[in-house]
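Work through the exercises below with the model open. Try each task before reading its solution.

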Amino acid sequence: MLARAAHVPVTLFLTTSTIAADPGYFRQLQDLGAVIEDHTVSHPDLTTLGYEAQKAELCDAADRLGDWYGRRPLFFRPPYGEYNDDTLRAGWDCGLIAGFHWRETVNAGVVRYQRTDHVIHAGDIILMHFR
């Protein structure tokens with residue numbers, strides 16, 4: 001894995017309904033050092049859901065990911081970067097201790113920067129998708 005050779009830490013925030021057909025694909029990446037974390041069951045805008053539905057999205061995904069990968073996630077990334085107080089409470093009640101956002105995005109080989117210097121800085125989170 002290129003990221004491993006470059007000593008770049010990789011964290012995968014996975015949506016369980018999307019990967020259910022082949023969770024082994026990501027196990028290979030985990031074996032290379034990637035960490036598996038929570039990105040919900042079905043990728044909804046969590047702010048459109050009530051507390052119980054948000055909790056189900058986060059808890060059910062965390063439970064399934066724990067079963068598949070031998071470690072229950074500690075972190076989550078809300079789909080679309082959207083969250084509210086219920087999201088944070090639901091995450092905490094599911095045993096998830098922090099939610100994350102990103103600094104840059106990459107799609108089809110194009111980096112979209114949020115800073116005007118167009119440089120990736122140490123500690124930046126880069127959002128990429130498996131497509």
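**Exercise 1. A helix and its packing**

Which residues of α4 are buried? The model is a predicted one, so treat each value as computed from it.

Solution.
- Step 1. Locate the helix. α4 covers residues 51–69 and has 19 residues.
- Step 2. Check its span. From first C-alpha to last, α4 reaches 27 Å, close to the 27 Å expected at 1.5 Å a residue.
- Step 3. Apply the cut-off: buried means under 20% relative accessible area. The buried residues of α4 are Tyr51, Gln54, Glu57, Leu58, Cys59, Ala61, Ala62, Leu65, Gly66, Trp68 and Tyr69.
- Step 4. Find what they pack against. The partners are strands β1 (11–14), β2 (35–38) and β3 (75–76), together with helices α2, α3 (24–31) and α5 (85–93).
- Step 5. Look just past the helix. Glycine 70 follows α4, and its phi is positive, near 75 degrees.

**Exercise 2. One residue of α2**

Decide whether threonine 16 is buried or exposed, and list its contacts beyond its neighbours within four places in sequence.

Solution.
- Step 1. Place the residue. Threonine 16 lies in helix α2, residues 16–19.
- Step 2. Compare with the cut-off. Threonine 16 has 3% relative accessibility, so it counts as buried.
- Step 3. Set aside the neighbours within four places in sequence. Threonine 16 is then in contact with Thr40, Val41, Ala61, Arg64, Leu65 and Trp68.
- Step 4. Link back to the helix above. Ala61, Leu65 and Trp68 are among the contacts of threonine 16, and these three also appear among the buried residues of α4.

**Exercise 3. Salt bridges**

How many salt bridges does the model hold? Examine the pairs of arginine 71, arginine 72 and arginine 115.

Solution.
- Step 1. Recall the principle. Side chains of opposite charge can pair when their charged atoms come close.
- Step 2. Count. With a limit of 4 Å from nitrogen to carboxyl oxygen, there are 5 salt bridges.
- Step 3. Take arginine 71. Arginine 71 pairs with glutamate 37, and the closest N and O atoms are 2.8 Å apart. This pair links distant parts of the chain: arginine 71 sits in the loop between α4 and β3, glutamate 37 in strand β2, 34 residues apart. Arginine 71 is partly exposed at 31% relative accessibility, whereas glutamate 37 is buried at 1%.
- Step 4. Take arginine 72. Its partner is aspartate 63, with the closest N and O atoms 2.9 Å apart. Arginine 72 is partly exposed at 32%. Aspartate 63 is partly exposed at 38%.
- Step 5. Take arginine 115. Its side chain meets that of aspartate 124 at 2.8 Å, N to O. Arginine 115 is partly exposed at 25%, while aspartate 124 is buried at 17%. Salt bridges with shared partners join Glu104, Arg115 and Asp124 into one network.

**Exercise 4. A sheet**

In what order do the strands of the sheet containing β5 lie, and which are the edge strands?

Solution.
- Step 1. Recall the principle. Strands of a sheet pair through backbone hydrogen bonds, either parallel or antiparallel.
- Step 2. Read the order. The 3 strands run β6-β5-β7 in an open sheet with mixed pairing.
- Step 3. Name the edges. β6 (110–112) and β7 (126–128) each pair on one side only.
- Step 4. Add the twist. From one strand to the next, the twist averages 25 degrees.
- Step 5. Inspect a pair. Strand β5 (residues 104–107) runs parallel to β7, joined by 3 bridges. Valine 106 has methionine 128 of β7 as its bridge partner.

Terms used:
Residues numbered from 1 in each chain as written. Predicted model: local features only at pLDDT ≥ 70, side-chain atom pairs only at ≥ 80, totals over all residues. Heavy atoms only, no water. Pairing = 2+ DSSP bridges. Helix = DSSP H or I, 4+ residues; strand = E, 2+ residues; numbered from the N terminus. Axes fitted to C-alpha atoms, helices over the stretch in contact; angles between N-to-C directions. Buried < 20%, exposed > 50% of the residue type's maximum accessible area, 1.4 Å probe, protein only. Contact = heavy atoms within 4.5 Å. Expected span 1.5 Å × (residues − 1).
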